[in-house]
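Have the sequence and the structure open side by side for this short report. We will walk through one helix, two sheets, a threonine in a loop and a few charged pairs.

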Amino acid sequence: MDVITLEVMRNRFFAITEEMGAALIRTAYSTNIKDRRDCSCALFDVNGDTIAQAEHIPVHSGVLPWGVKGALAVIDIDKLRPGDMILHNDPFIGGTHLPDIIVFSPIFYKGRLMAFVGNLAHHVDVGGKVPGSLTPDATEIFHEGIRFPPVKIRKAGVLDEELLAIHRDNVRTFYESNGDLMAQIAANNVGEKRLMDLCDECGGDLVLEAAGELHSYCRRRMEVELKKLPAGTFSYRDTLEGDGITTDEPLLIQVSVTTGGEKVKVDFTGTCPQVKGPLNCVRPMALACIYYVIRAVTDPSIPPNAGTFEPIEVITPEGSLVNAHFPAATGSGNSITCQRIVDALLGAFAQIIPERVCAAATGSMNGIQLGGYDYRTQSYFANGETVGGGYGGIFGQDGASGVNTHMTNTRNTPIEVLETTMPVRVIRYGLMPDSEGPGQFRGGFGLQRVLEFQTDEVDCFIASDRVKTPPWGLLGGKPARGARFKVVRTNGQIEQLPSKARVRFYTGDQLYIETSGGGGWGSPQKRDPELIKKDVEDGLISEDRAKSEYVGF
């Protein structure tokens, strides 16, 4: 295929996924999707391999093809018909955690199965032992909500009302959850229509040829980039601060990256066994982290396609933290463990191409789950949010501040929306001074968010990390300040919280959330004095810190 036609078709494929995402966000009911955009969309070939994906959430995008492939291994693909749509949320078939529901549908053109379109969206509740479903004291998947195997939520264009009834009776926030499920179905309808329009315009054979050519093109580009890397085996290890239930001992993530030639091997041998708490990852989650890091440190302009990741060999030991077995709890695997997998991978690649690698970022998605029952409205409420932090500094650039990092790409919940939908008042929301990692290129700043509760018996679940083990710096850069969480009761009592906690709030109680900044890159002694002065003037760095950590102020 000539390069111009291929480029036109590539953009058409990716435009389909972006429009699907716009439709999903526009029609969703929950704050989590319509405001925070905790969802992802993609286009797949008949084998479940990614053709194109929108630039949404890296952990979703990396997992989605395995969710489709896993479902296709269970259902009879020959019995699929136009108008069918499959739903599942089982991590052990191919997913992340139970609130992330995958919905995908086959696309037929003139009687031939051409492709699949699909999306993944995080639902505010899928049942389980607590409102919002995610809790740091879960010890098995059954604690975390209802688990759907691959089932046809729509058959030949007709929604299965019995399955919808099962869904309705097992979630606390059915209004929002049902609306979000319908939005997922609508997004797939958009994707199906746009691909059929493309087939009408160009012909089905050309569309399939372009998909195959795009796969080969992306593989070739990645092979070229991998050949540029110095040959060798480079190892790194990082830790998590316990599983929050059975141990506070560090949980080791060990990775070795072997380069040389047009392939790369990533080996997690030495990583600790799966744990009792909900920090476990299934293999597709580890793969998502690898895809993200390798694309980021080589050439991010290579399209995210199955061909892009074909030259990567991955070893994830069975029964380990990065390849857990059923019935392990996985609720915080994507929000905490995936971020540490990224840190370990970046630590290895920093030995290969240090100028392309940032220091450690905030280190988790800093998940804050709130839920309870409002007796005034006689209804349950639930809200999950990932609170941003700082990116690590990188050669030539300071780390970004107050953003969600690495494997998440969500927005924050606007204060006005949070106070409207939840019984809380936001006392403060802003960057956390002196939380950066000093360096020639300093890390970004973490966030402080202070919530005051306006009703009794609100359950809060904190799923974070980097309290005891702050984000590390690179090449002489210093660590950032670790995360901190505390409760201030109405009687003035102060309770310091660990990185993983379940706590109950009453009217007037306050929760202080202070996330980590990012580590610094390069020696702080080399930092431009004018940049230090500006940070002090902006109130981001105190004068005492500037004098103690930086030379030249």
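The expected span of a helix is 1.5 Å times one less than its number of residues. Keep that rule in mind for the opening stop, and bear in mind throughout that this is a predicted model.

**A helix near the start of the chain**

Helix α1 covers residues 3-27, which makes 25 residues. From its first C-alpha to its last it reaches 36 Å, close to the 36 Å expected at 1.5 Å a residue. At its N-terminal end sits a cap: a side-chain oxygen of D2 lies 3.2 Å from the backbone nitrogen of I4.

The buried residues of α1 include L6, M9, F13, F14, I16, M20, L24 and I25. R10 and T17 are also among the buried residues of this helix, as are G21 and A23. What do these buried residues pack against? Their partners include the strands β1 (39-44), β2 (50-53) and β5 (112-122). Helices are on the list too: α2 (31-34), α6 (174-202) and α7 (204-227).

**A mixed sheet and its helix**

Moving along the chain, we come to an open sheet of four strands in the order β8-β9-β10-β11, with mixed pairing. The edge strands are β8 (232-240) and β11 (312-315), each of which pairs on one side only. From one strand to the next, the twist averages 15 degrees.

Strand β9 (residues 251-259) runs antiparallel to β8, and nine bridges join the two. To find the register by eye, look for Y236, which stands opposite V255 in β9. Helix α8 (residues 283-297) lies across β10 (264-267) and β11, and runs at about 140 degrees to β11.

**A threonine in the loop**

In the loop between β10 and α8 you will find T271. Is T271 buried or exposed? Its relative accessible area is 9%, so T271 is buried, given that buried means under 20% relative accessible area. The side chain of T271 reaches two backbone oxygens: that of F268 at 2.9 Å and that of Q254 at 3.1 Å. Leaving aside neighbours within four places in sequence, T271 is in contact with L252, I253 and Q254, as well as with S320, L321 and V322.

**Charged pairs**

Side chains of opposite charge can pair when their charged atoms come close. In this model the count comes to 39 salt bridges. Three of the pairs are set out here.

| Salt bridge | N to O distance |
|---|---|
| R527 and D398 | 2.9 Å |
| D535 and R442 | 2.7 Å |
| R504 and D459 | 3.1 Å |

Let us take them in turn. R527 forms a salt bridge with D398. R527 lies in the loop between β20 (510-514) and α11 (529-537), and D398 in the loop between β13 (379-386) and α10 (415-421), so the pair ties together parts that are 129 residues apart in sequence. At 3% relative accessibility R527 counts as buried, whereas D398 is partly exposed, with a relative accessible area of 22%.

D535 meets R442 in a salt bridge as well. This pair also links distant parts of the chain, with D535 in helix α11 and R442 in the loop between β14 (424-431) and β15 (447-453), 93 residues apart. Both D535 and R442 are buried.

The side chains of R504 and D459 form the remaining pair in the table. R504 belongs to strand β19 (residues 500-505) and D459 to strand β16 (residues 458-463), so the bridge ties together parts that are 45 residues apart in sequence. R504 counts as partly exposed at 35% relative accessibility, while D459 is buried at 8%.

Salt bridges also link D238, R340, D343, D465, R466 and K500 in a network.

**An antiparallel sheet**

The strands that hold R504 and D459 bring us to another open sheet. Its four strands have the order β13-β12-β16-β19, with antiparallel pairing. β13 and β19 stand at the edges with a single partner strand each, so one side of each is left without a neighbour in the sheet. Direction ignored, neighbouring strands of this sheet are turned by 15 degrees against each other on average.

Within the sheet, strand β12 (residues 367-374) pairs with β16 in the antiparallel sense over five bridges. Here D459 comes up again: G371 stands opposite D459 in β16, and D459 is the residue whose side chain meets that of R504 in a salt bridge.

Key: Residues numbered from 1 in each chain as written. Predicted model: local features only at pLDDT ≥ 70, side-chain atom pairs only at ≥ 80, totals over all residues. Heavy atoms only, no water. Buried < 20%, exposed > 50% of the residue type's maximum accessible area, 1.4 Å probe, protein only. Contact = heavy atoms within 4.5 Å. Polar contact = N/O pair within 3.5 Å; in protein donor to acceptor, adjacent residues only side chain to side chain. Pairing = 2+ DSSP bridges. Axes fitted to C-alpha atoms, helices over the stretch in contact; angles between N-to-C directions. Salt bridge = Lys/Arg side-chain N within 4 Å of Asp/Glu carboxyl O.
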